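Here is a friendly walk through one protein chain, from its sheets to its helices and cores. Have the structure open as you read.

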Amino acid sequence: MTDVLAVADHRRGNLRDVSYELITAGSELADETGGDLHLAVISGTVDEFAETVNREGVDAIHTVSHGEEFNHDVYTQAIAQLYDELAPQYVLTPNSVNGLDYAPAVATELELPIVTDAVDLETDGETLVATREMYGGKVETTTELDGETIVTIRGAEWPAAEGTGDAAIGDFNADIDEDAIGSTVTGFEEVGGGDIDISEADLLVSIGRGIEEEENLDLIRELADTLDATLSSSRPIVDNGWLPKNRQVGQSGKVVTPDVYIAIGISGAVQHVAGMKGSDTIIAINTDPNAPIMDIADYAIHDDLFDVVPELIDEFQ
């Protein structure tokens, strides 16, 4: 039997979507080997978080109540101690800002191999096969590892766990060395449009280089306002300085999983697709019928955005 330990991800009082995807990835591994899935919830409102992530597939939830916000040293110590207590075969963490902060440190502390940004996992209980993407998603590679391993998983590659679980929830009394904590969060300061988190949006209207000029963004803003949607973009728009960085979707931006993603004038480069392919419904508007975005779209409109967008505004106003 091979047990799995997954670590929930939260930021500023909110659980991140990848927490539920970790449950799916972890339960699949545990099912393949007959082991249990243990879920760790560290810092913040751990009791509330534990109830929320108690979903089908989780066998036990361990809470570590220490501080309100993420802290590298607290997470590193707590996970290392949970590992010693539970002796799991695999430790799964999100390939997020937080996960990439502490996972390498935990791997170093425990002297374990680490695989980052995995998009698929398979195991027979002895060998773990982790699939990763290279060259902007153009090439897939597999890495085989024997024994205990730490893996960070990419968001939006596994479906979110659903259903109410019946996992036992218990407080894990981690022995946190306060003298080893080198930093503390004292507050947050918003920067450059930081009031918007596109990864939390249910409906995104996203624009690419097909907009041609910055002045034409007003048309897209009008559509977004009409639909009560959030405005996002591909990298060229941000590189031109037309929208702030926090609006960028893609490998070098944010991974988004809205209910509806409307891609306007976006060709669909692999770097962009990697950030939005988990959307429930994708609608693409493009003058090029052979644009890559048209291949993954649920609904593809082959037409000029300057003709289509005004029609959409009129229709939904």
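The report below takes the sheets and their helices in turn, then the packing between them.

## The seven-stranded sheet

Please keep in mind that this is a predicted model. A good place to begin is the open sheet of seven strands, whose order is β7-β11-β6-β1-β4-β5-β12 with parallel pairing. At its edges you will find β7 and β12 (168-171); each has a single partner strand, so one side of each has no neighbour in the sheet. From one strand to the next, the twist averages 20°.

At the β7 edge, three bridges pair β7 with β11 in the parallel sense. Within this part of the sheet, Val115 stands opposite Val151 in β11.

Which strands does α1 lie across in this sheet? They are β1, β4, β6 and β11, and the helix runs at about 160° to β6. Another helix, α4 (residues 97-110), lies across β1, β6, β7 and β11, at about 155° to β6.

## The three-stranded sheet

There is also an open sheet with three strands, ordered β8-β9-β10 and paired antiparallel. Here β8 (120-123) and β10 (139-146) are the edge strands, each pairing on one side only. Its neighbouring strands are turned against each other by 20° on average, direction ignored.

Between β8 and β9 there are four bridges, and the two strands run antiparallel. Opposite Leu121 stands Ala130 in β9. Helix α1 turns up again here: it lies across β8 and β9, running at about 15° to β8.

The helix-to-strand angles can be put side by side:

| Helix | Strands it lies across | Angle |
|---|---|---|
| α1 | β1, β4, β6, β11 | about 160° to β6 |
| α4 | β1, β6, β7, β11 | about 155° to β6 |
| α1 | β8, β9 | about 15° to β8 |

## The nonpolar cores

Which residues touch the most other members of the largest nonpolar core? In this core of 32 residues, they are Val53, Ile61, Leu92 and Leu121. Many elements contribute: β1 (4-7), α1 (18-33), β4 (37-42), α2 (46-52), β6 (90-94), β7 (114-118), β9 (127-134) and β11 (149-153) each supply at least two residues. The most comes from α1, which gives six residues.

Leu121 is a nice residue to click on. Leaving aside residues up to four places away in sequence, Leu121 touches Leu29, Glu32, Leu92, Leu128, Val129, Ala130, Val151, Ile153 and Trp158. Apart from this core lies another, of 26 residues, which includes Ala80, Leu86, Val91 and Ala107.

## Strands β13, β15 and β16

Further along the chain, strand β15 (residues 260-264) is mostly covered, with four of its five residues buried. Five bridges join β15 to strand β13 (residues 203-207), and the two run parallel. Ile207 has Ile264 in β15 as its bridge partner.

Strand β16 (residues 281-286) is likewise joined to β15 by five bridges and runs parallel with it. In this pair, Val260 has Thr281 in β16 as its bridge partner. The connection from β15 to β16 passes through helix α7 (residues 270-276), giving a right-handed β-α-β crossover.

## Helix α5 and its two sides

Which residues of helix α5 (residues 217-227) are buried? They are Leu217, Leu219, Ile220, Leu223, Ala224 and Leu227. Viewed down the axis of α5, these buried residues fall within an arc of 155°, so they line one face of the helix. They pack against β13, β14 (230-233), β15 and α9 (305-316).

On the other side of α5, Asp218 and Asp225 are exposed. After the helix comes Asp228, with a positive phi near 55°.

## A look at Ile301

Our last stop is Ile301, in strand β17 (residues 299-302). Its relative accessibility is 30%, so Ile301 counts as partly exposed. Ile301 and Ile283 are 18 residues apart along the chain, and their C-alpha atoms are separated by 7.7 Å. Not counting residues up to four places away in sequence, Ile301 touches Ile283, Ala284, Ile285, Asn286, Met294 and Val308.

Note on methods. Residues numbered from 1 in each chain as written. Predicted model: local features only at pLDDT ≥ 70, side-chain atom pairs only at ≥ 80, totals over all residues. Heavy atoms only, no water. Core = buried A, V, L, I, M, F, W, Y, C linked by side-chain atoms within 4.5 Å. Buried < 20%, exposed > 50% of the residue type's maximum accessible area, 1.4 Å probe, protein only. Contact = heavy atoms within 4.5 Å. Pairing = 2+ DSSP bridges. Axes fitted to C-alpha atoms, helices over the stretch in contact; angles between N-to-C directions. Right-handed = clockwise from strand over helix to strand, strands pointing away. Arc of directions from axis to C-beta.
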